[in-house]
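Dear colleague,

Please find below the structure that I am handing over to you. My notes on it follow directly after.

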Amino acid sequence: MAIKITGDNVYLRLMQQSDVATIATCLQDIKPLAPDSRSQISFWWRVNKLNSAIFSGRSVQADDRGTVTFTLCKKSDDSILGWNQTTYNGGMFISFFSALLGAQRGKGYYSEMSNLRHKFFFSDNWGGQTSRLKIATTGDTNPLRKTLDSLYTTTTETVKLAVHGEYRWSEVTKNEWTTWINHSDRSALKNQSYTLEWS
């Protein structure tokens, strides 16, 4: 199984075992210690098992359930920038977690990754109909708020996360995404390159 989603500057591909040690450092500024080697082995075992179970050759079906874990890479040199984990439940996809390496934040990579994810999961290839995620309720520099507050405007639930603060859950449909991305204010985002390789 291989999935690669390529944009202007970055691409998402299924996580590989060799990525894990780098990925483990993404939250060092939030958690002082990166996961130890035993935790990394356990993490990889779960990720590999879930990624190996993704359907292929068709779009998502109502009874499909699972998780896909991507590594975000820089297109120019294939270096690792971060990762994303998305669960799916039939036609709903839920962004479970995203993180960039500390040195790679604030460079527009998160916004491009988010755009690629939505284009992929709402595409006819995947067939998603609804997206759900949680967004910080405060913090003007929070990348998720800066990128998607204007799309995810409704709140279904508010939760407090230890260390991270208050977040709100929100949902959008494929039609709402299409309207949002087609707005004239987002023409640059809409016109960003998007190429899918899935085999």
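**Findings**

At 48% relative accessibility, Asp78 counts as partly exposed, because that class lies between under 20% for buried and over 50% for exposed. Please bear in mind that this is a predicted model. Asp78 is found in the loop between strand 3 and strand 4. Although Asp78 is not a glycine, its phi is positive, at about 65°.

The two strands on either side of that loop come up again with helix 2. What covers the buried residues of helix 2 includes strand 3 (65–74) and strand 4 (80–89), as well as strand 2 (10–14) and helix 1 (20–23). The buried residues in question are Gln40, Phe43, Trp44, Val47 and Asn51. Seen down the axis of helix 2, they fall within an arc of 100°, so they line one face of the helix. On the other side of helix 2, the exposed residues are Arg38, Ile41, Trp45, Lys49 and Ser52. The length of this helix was also checked: at 1.5 Å a residue, the 16 residues of helix 2 (residues 37–52) should span 22 Å, and the end C-alpha atoms are 22 Å apart, which agrees.

Helix 5 may be described in similar terms. Lys174, Trp177, Trp180 and Ile181 are its buried residues. Viewed down the axis of helix 5, these buried residues fall within an arc of 125°, so they line one face of the helix. Asn175 and Thr179, on the other side of helix 5, are exposed.

Arg186 follows in the loop between helix 5 (174–181) and helix 6 (187–190). Which side chain of opposite charge is nearest to Arg186? That side chain is Asp185, 5.6 Å away, and Arg186 has no salt bridge although it is buried. A salt bridge would require a distance within 4 Å. Apart from its neighbours within four places in sequence, Arg186 is in contact with Trp180 and Ile181, and also with Ser150. Both Trp180 and Ile181 are among the buried residues of helix 5.

Lastly, strand 8 has two pairings to report. Strand 6 (residues 130–136) pairs with strand 8 (residues 165–173) in the antiparallel sense, over seven bridges. In strand 8, Ser170 is the residue opposite Leu133. Strand 7 (residues 157–161) also pairs with strand 8 in the antiparallel sense, over five bridges. Here Leu161 stands opposite Gly165 of strand 8.

Yours sincerely

Definitions and conventions:
Residues numbered from 1 in each chain as written. Predicted model: local features only at pLDDT ≥ 70, side-chain atom pairs only at ≥ 80, totals over all residues. Heavy atoms only, no water. Helix = DSSP H or I, 4+ residues; strand = E, 2+ residues; numbered from the N terminus. Expected span 1.5 Å × (residues − 1). Buried < 20%, exposed > 50% of the residue type's maximum accessible area, 1.4 Å probe, protein only. Arc of directions from axis to C-beta. Contact = heavy atoms within 4.5 Å. Lys, Arg positive; Asp, Glu negative; His and termini not counted. Pairing = 2+ DSSP bridges.
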